[in-house]
Amino acid sequence: MPEEYEDPCIFCDIVAGRREAHKIHEDNLTICILDINPLSKGHCLVIPKRHVPWWHELTDEENASLFMVAGIVARKMMHSLHPDFVCMYARGRRIPHTHIFLVPTCSGDVLDRFFNALELFQESTQKLADLRAEESMQDAAELIRSAGTE
Ligand SMILES: [Zn+2]
């Protein structure tokens, strides 16, 4: 077993060619593969080749590459699968290697129902409703604007 294999990660294995994946596109910093548990046909993951747990820890160059590849693949999805649009999000709690979800979505599908449910939740919970108050919005904006990036 090579030394760099001490901390196995499924995405590092795919990048290194130690594990099979349905590769869709790649450049020197980023790879895009089909998700093995798709939420819809063509659901992809866009992954930096370097092991970085959270997307906001990527370098500017890695971010540029990640979003360039995401855009290319999303346009390919629109031409080949004809969804309403391609939903993009990043969570990453399950696998600690940045991955962006690209999910072709149509009205009424699993993801559409999920986000519709989330919107209902946002509208119905008092705690979240309080976040919409002008004072709370100004506080959040000021906190983020005044923070550093390192
Ligand atoms: Zn990794």
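The site of the zinc ion is tetrahedral, with angles of 99 to 121 degrees among its 4 donor atoms. For comparison, ideal angles at a metal are 109.5 degrees for four tetrahedral donors. The model analysed here is predicted. In this model, the zinc ion is coordinated by SG of C9, SG of C12, ND1 of H51 and ND1 of H97, at 2.0 to 2.4 Å. Along the chain, these donors follow the spacing C-x2-C-x38-H-x45-H. Two of the donors, C12 and H97, link distant parts of the chain, being 85 residues apart. C12 belongs to helix α1, which covers residues 10-15, whereas H97 sits in the loop between β4 (85-90) and β5 (100-105). The relative accessible area of C12 is 18%, so this residue counts as buried, the limit being under 20%. H97 is buried as well, at a relative accessibility of 0%.

Cysteines were also examined for disulfides. A disulfide requires two cysteine sulfur atoms within 2.5 Å, and by this rule the count comes to 0. C44 is in no disulfide, and the nearest cysteine sulfur, that of C32, is 3.9 Å away. The distance of 3.9 Å exceeds the limit of 2.5 Å, and therefore C44 and C32 are not counted as a disulfide. C44 is buried, with a relative accessible area of 2%. For C87, the closest cysteine sulfur is in C106, and the separation of 12 Å is too far for a bond. C87 also counts as buried, at 11% relative accessibility.

Aromatic side chains were considered next. A pair of aromatic rings is described by the distance of the centres and the angle of the planes. The count comes to 3 aromatic pairs. In one of them, the ring centres of Y89 and F115 are 6.0 Å apart and the planes stand at 75 degrees, so the pair is edge-to-face. Y89 lies in strand β4 and F115 in helix α3 (residues 110-124), so the pair ties together parts that are 26 residues apart in sequence. Y89 is partly exposed, with a relative accessible area of 23%, and F115 is partly exposed at 26%. F115 also pairs with F114, again edge-to-face, with 5.1 Å from centre to centre and 75 degrees between the planes. F114 has a relative accessible area of 48% and counts as partly exposed, because the exposed class begins over 50%. One aromatic cluster is formed by Y89, F101, F114 and F115.

The search for enclosed space gave 1 cavity of 30 Å³ or more. The volume of the largest cavity is about 30 Å³. Its lining consists of P53, W54, W55, A90, R91, G92, T98 and H99.

The last residue considered is G148, in the segment after α5 (134-146). G148 is exposed, with a relative accessible area of 68%. G148 and I100 are separated by 48 residues in sequence, and the distance between their C-alpha atoms is 24 Å.

How values were computed
Residues are numbered from 1 along each chain as its sequence is written. This is a predicted model: local features need pLDDT of at least 70, side-chain atom pairs count only at pLDDT 80 or more; totals for chains, interfaces and linings use all residues. Side-chain values use heavy atoms; hydrogens and water are left out. Buried means under 20% relative accessible area, exposed over 50%, partly exposed in between (1.4 Å probe, protein chains only). Donors are N, O and S atoms within 2.8 Å of the metal (3.2 Å for Na, K and Ca); water is not among the atoms, so sites may look incomplete. Four donors count as tetrahedral if all angles lie between 85 and 135 degrees; four count as square planar and six as octahedral if opposite donors are over 155 degrees apart and all others between 65 and 115; anything else is irregular. Helices (H or I, at least four residues) and strands (E, at least two) are DSSP runs, numbered from the N terminus. Rings of Phe, Tyr and Trp (its six-membered ring) pair if their centres lie within 6.5 Å; planes under 30 degrees apart count as stacked, over 60 as edge-to-face and the rest as tilted. On a 1 Å grid over the protein atoms alone, a cavity is a set of points where a 1.4 Å probe fits but cannot get out, and a pocket is an open set with protein on both sides within 12 Å along at least five of seven lines; lining residues have an atom within 4 Å of a point. Grid points are joined across faces, edges and corners, and a volume is the space filled by probe spheres set on the points.
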